Amino acid sequence: MLKPKRILELALYCDDLARTAAFYGRLLGSDPMVESGRLVAFDAGGGTVLLLFDRGASRQAVATPRGTVPAHDGSGPVHLALAIDVSEVGAWERQLAEWGIAIESRVAWERGGVSLYFRDPDGRSVELATQGTWPTY
């Protein structure tokens, strides 16, 4: 049976692309790999790409010289989690406080993992999670 290796891309749709790109650039500690009027792409670590789209700007298919990217869009209170080391939890709590980002919740999981939850500029739930959160992580 064929099985994917991992999630390659995560797309988020933003009300203010520049504001949200600045937030994730700071959170990920990286500059964009790609920037255009409708899209900003970041290396999210582990071979994963975070795609930020200007909300509504991807509702039309995009023709490229080698094929067409189908239309897509989304809305609502979605969630994403970023992996961190357990030794960094305290440092992340301090860093988020310095940035003025309130921690909404902290969870200690039964497998020993810890999660910190907060909101991005568009109101999405962002989680920083350590090993022990899932059986696979």
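This is a short walk through one predicted model, going from the whole chain to two of its strands and then to a single residue.

Let me begin with the chain as a whole. There are two helices and ten strands, and if you read along the sequence they follow the pattern β-α-β-β-β-β-β-β-α-β-β-β. The C-alpha atoms fill a box of roughly 50 × 45 × 25 Å along the principal axes, and buried residues make up 32% of the 137 residues. Of the contacts with a separation of 6 or more, 44% are accounted for by residues 24 or more positions apart. As for the surface, the chain exposes about 8,600 Å², with carbon and sulfur atoms supplying 54% of that area. The chain carries 14 positive and 17 negative charges, and the mean positions of these two groups are 6 Å apart.

Now I would like to turn to a sheet in the later part of the sequence. This is an open sheet of four strands in the order 7-10-9-8, and its pairing is mixed. Its edges are strand 7, residues 79–83, and strand 8, residues 105–108, each of which pairs on one side only. On average, and ignoring direction, neighbouring strands here are turned by 20 degrees against each other. Helix 2, residues 89–98, packs on this sheet and touches strand 8, strand 9 and strand 10, with a direction that makes about 15 degrees with that of strand 9.

Strand 10 deserves a closer look. It runs parallel to strand 7, and five bridges join the two; H79 has S125 as its bridge partner, while A83 is partnered by A129. With strand 9 the pairing is antiparallel, again over five bridges, and here R119 is the bridge partner of S125. Strand 9 and strand 10 form a hairpin with five residues between them, and in the turn G123 has a positive phi of about 85 degrees. Why can we call strand 10 largely enclosed by the rest of the structure? Five of its five residues are buried, so the description follows directly from the count. The side chains divide between two directions, with S125, E127 and A129 pointing one way and V126 and L128 the other, and all of them are buried.

Let me move to strand 4, which covers residues 49–54. Strand 4 pairs with strand 1, residues 9–14, in the parallel sense over six bridges, and L10 stands opposite L50 in that pairing. Strand 4 also pairs with strand 3, residues 39–43, in the antiparallel sense over five bridges, where L39 stands opposite F53. Strand 3 and strand 4 form a hairpin with five residues between them, and G45 in the turn has a positive phi of about 90 degrees. Strand 4 is mostly covered, since five of its six residues are buried.

That brings me to D54, which lies in strand 4. Is D54 buried, exposed or partly exposed? Its relative accessibility is 27%, and because a residue must fall under 20% to be called buried and over 50% to be called exposed, D54 counts as partly exposed. Leaving aside neighbours within four places in sequence, D54 is in contact with C14, D15, L17, G37 and R38. For L17, the separation from D54 is 37 residues in sequence, yet their C-alpha atoms are 5.3 Å apart in space.

Notes:
Residues numbered from 1 in each chain as written. Predicted model: local features only at pLDDT ≥ 70, side-chain atom pairs only at ≥ 80, totals over all residues. Heavy atoms only, no water. Buried < 20%, exposed > 50% of the residue type's maximum accessible area, 1.4 Å probe, protein only. Contact = heavy atoms within 4.5 Å. Pairing = 2+ DSSP bridges. Axes fitted to C-alpha atoms, helices over the stretch in contact; angles between N-to-C directions. Areas by Shrake-Rupley, 256 points an atom, 1.4 Å probe, with all protein chains shown as cover. Lys, Arg positive; Asp, Glu negative; His and termini not counted. Charge placed at Lys NZ, Arg CZ, Asp CG, Glu CD.
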